[in-house]
Amino acid sequence: MLSKSKFKLTAALLAVTLTLGACSTSSSTNSDGNGSTSSSEKVSFTIGYASGDPAAKKAIADSIKKFTDANPSIEIKDMSENTSNSYLDWLKTKDAVGEFPDLVEMRDTEVFADAGKIVELPSDLIELFDSPPEVDGKVWNAPIANNVPQGMIYSKKAYADAGITDLPKTYDEFISIQEKLKSSGITPIVVGGKDIFHMGFWVNKFLIDEVYAEDPDWNSKKTEQAVSFADDNVVQAMTDYKELFQNYVDKGWLSTPDNQTASFLITGKAAQLYSGTWMFSQIEEADPSFEYGFYAIPDREGHVNVIGLPSPAGWTLSAEAAKDPEKTEAIKKFIRFFFEPEQYSQYLASVNGIPSTKAEVTYETGEAMQTALDLMSDPNVTKSLAINNWWGENLIPPQFRNWFYKKLQEMVLNDADVKTYMEQVDAEYDNQVKANSM
């Protein structure tokens, strides 16, 4: 069983890559015309958030229950996403049928800001955070947590059985480990390809290594057609992706949902899972005795590059809700409650998250999470974002991500020429840029 150690997530430790924000006001404060409702009648608002990660969904649901128990005059109607479609598509559908949430976990901020569906974060909430990301000079989101690194979650038993004693220092050494696992009779890697968002973990691993680590502004250059998906570096990234899937990923990856990947690891159906720190709690809840480790896969030169930059995402008020003063105050009260250190630490512990607030937050963390935190505080580790998490001039067309991931699934299944597929991807990107500019 993994040992636990008390860990304080403070600004000092994470200062190299993270900014942390201000102590929130107690949710138990009575109405003062500033942060809570004044009406004796019950105030109700809807809340929408992604449910791809069961631990995060449960943690948010628990936060809602604790808040409403403490504030009986406020009712929160939980509208968490519950389809296999992408979260963006789910939100667009909700908007189309007049059910856009009053308070929403926003990920595609610019898409909905440009459409006039959301409003800026109230100024008295911005003070909870230290320099949150801005879009067009405006803060739209209360960041639920800072972005965490993704990496290889591996079974220590599977590694030992295959005679693997050292973690890889280069990508070639990583491939050698896959060969050893394969030779030992275990499937090296499980992938939850039934859920399209899961595909992004590996796609962005290779894109960051070959593209974004060297050029964070690549997306804007692509939009201006100064670079191409058919360029050598992108073709190399997607060739590595294709070869990994064909040689080392469980053959049933396209029908495996994300929420079954932890089971594959624990039961020995696969030796490894590439994902983020949110999976740690799922693994430990399923089998507290399961021994696993975590590391970032290096590139060919031995450099380590991970997701870890902040991005404009988090709790966001809808434009419609903002028209109702009482509803707005109830939402603000919930946001303040959510980020109170005692409550927020429980949320972060559930998802192995990194805090976004100024307040010092303390929770127990295990060996794997400590490795992730070390990556975040290491100045030699390059921090980046996924292809769809950049903003401003680096924002990609909103429908491109899912199209791209599905196209790569097709490329793997058809054993198709990577260069040819990347030419098709490049043309589609240009078409979407043109369509969105009309």
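## Working through a predicted fold

Lysine 327 lies in helix α13. Keep in mind that this is a predicted model. Let's start right there.

**Exercise 1. Decide whether lysine 327 counts as buried or exposed, and say what it touches.**

Step 1: get the relative accessibility, which is 18% for lysine 327. Step 2: compare it with the cut-off; buried means under 20%, so lysine 327 counts as buried. Step 3: look for its contacts. Leaving out residues up to four places away in sequence, lysine 327 touches Val43, Ser44, Phe45, Asp102 and Ala321. Step 4: zoom out to the helix. α13 packs on a sheet, touching β2, β3, β4 and β10, and its direction makes about 55° with that of β2.

**Exercise 2. Work out the strand order of the four-stranded open sheet, and explain which strands stand at the edges.**

Step 1: read off the order, β3-β2-β4-β10, with mixed pairing. Step 2: pick out the strands with a single partner. Those are β3 and β10, so one side of each is left without a neighbour in the sheet. Step 3: check the twist, which averages 30° from one strand to the next. Step 4: try one pair up close. Strand β4 (residues 103-106) runs antiparallel to β10, and the two pair over four bridges. Here methionine 106 stands opposite glycine 314 in β10. Step 5: add another helix. Helix α3 (residues 87-96) also packs on the sheet, where it touches β2 and β4; the direction of α3 makes about 150° with that of β4.

**Exercise 3. Find how far helix α2 reaches, which of its residues are buried, and what covers them.**

Step 1: α2 covers residues 54-70, 17 residues in total. Step 2: going from its first C-alpha to its last, α2 reaches 24 Å, close to the 24 Å expected at 1.5 Å a residue. Step 3: list the buried residues, namely Ala55, Ala56, Ala59, Ile60, Ser63, Ile64 and Phe67. Step 4: see what lies over them. The cover includes the strands β2 (43-48), β3 (74-78) and β10 (314-317), along with the helices α12 (279-286), α13 (325-338) and α14 (341-351).

**Exercise 4. Describe how helices α16 and α17 are arranged, and place glutamine 432 in the picture.**

Step 1: take the axes. Those of α16 (residues 400-413) and α17 (residues 418-436) come within 11 Å and cross at roughly 165°. Step 2: classify the angle; over 145 degrees counts as roughly antiparallel, and therefore α16 and α17 are roughly antiparallel to each other. Step 3: the handedness of the crossing is right-handed. Step 4: sort out who meets whom. From α16, residues including Phe400, Trp403, Phe404 and Met411 take part, and α17 brings, among them, Tyr421, Val425, Tyr429 and Gln432. Step 5: follow glutamine 432, which sits in α17 and counts as buried at 10% relative accessibility. Not counting residues up to four places away in sequence, glutamine 432 touches Pro397, Gln399, Phe400 and Trp403. Its C-alpha is 8.7 Å from that of proline 398, though the two are 34 residues apart in sequence.

**Exercise 5. Locate alanine 372 and identify what it touches.**

Step 1: alanine 372 is found in helix α15 (residues 367-377). Step 2: with 0% relative accessibility, alanine 372 counts as buried. Step 3: beyond residues up to four places away in sequence, alanine 372 touches Pro149, Thr277 and Phe294. Step 4: for a long-range pair, take alanine 296, 76 residues away in sequence but 8.4 Å away in space, C-alpha to C-alpha.

How values were computed:
Residues numbered from 1 in each chain as written. Predicted model: local features only at pLDDT ≥ 70, side-chain atom pairs only at ≥ 80, totals over all residues. Heavy atoms only, no water. Expected span 1.5 Å × (residues − 1). Buried < 20%, exposed > 50% of the residue type's maximum accessible area, 1.4 Å probe, protein only. Contact = heavy atoms within 4.5 Å. Pairing = 2+ DSSP bridges. Axes fitted to C-alpha atoms, helices over the stretch in contact; angles between N-to-C directions. Parallel < 35°, antiparallel > 145°, perpendicular 65-115°, else oblique. Left-handed = near helix turned anticlockwise from the far one by under 90°.
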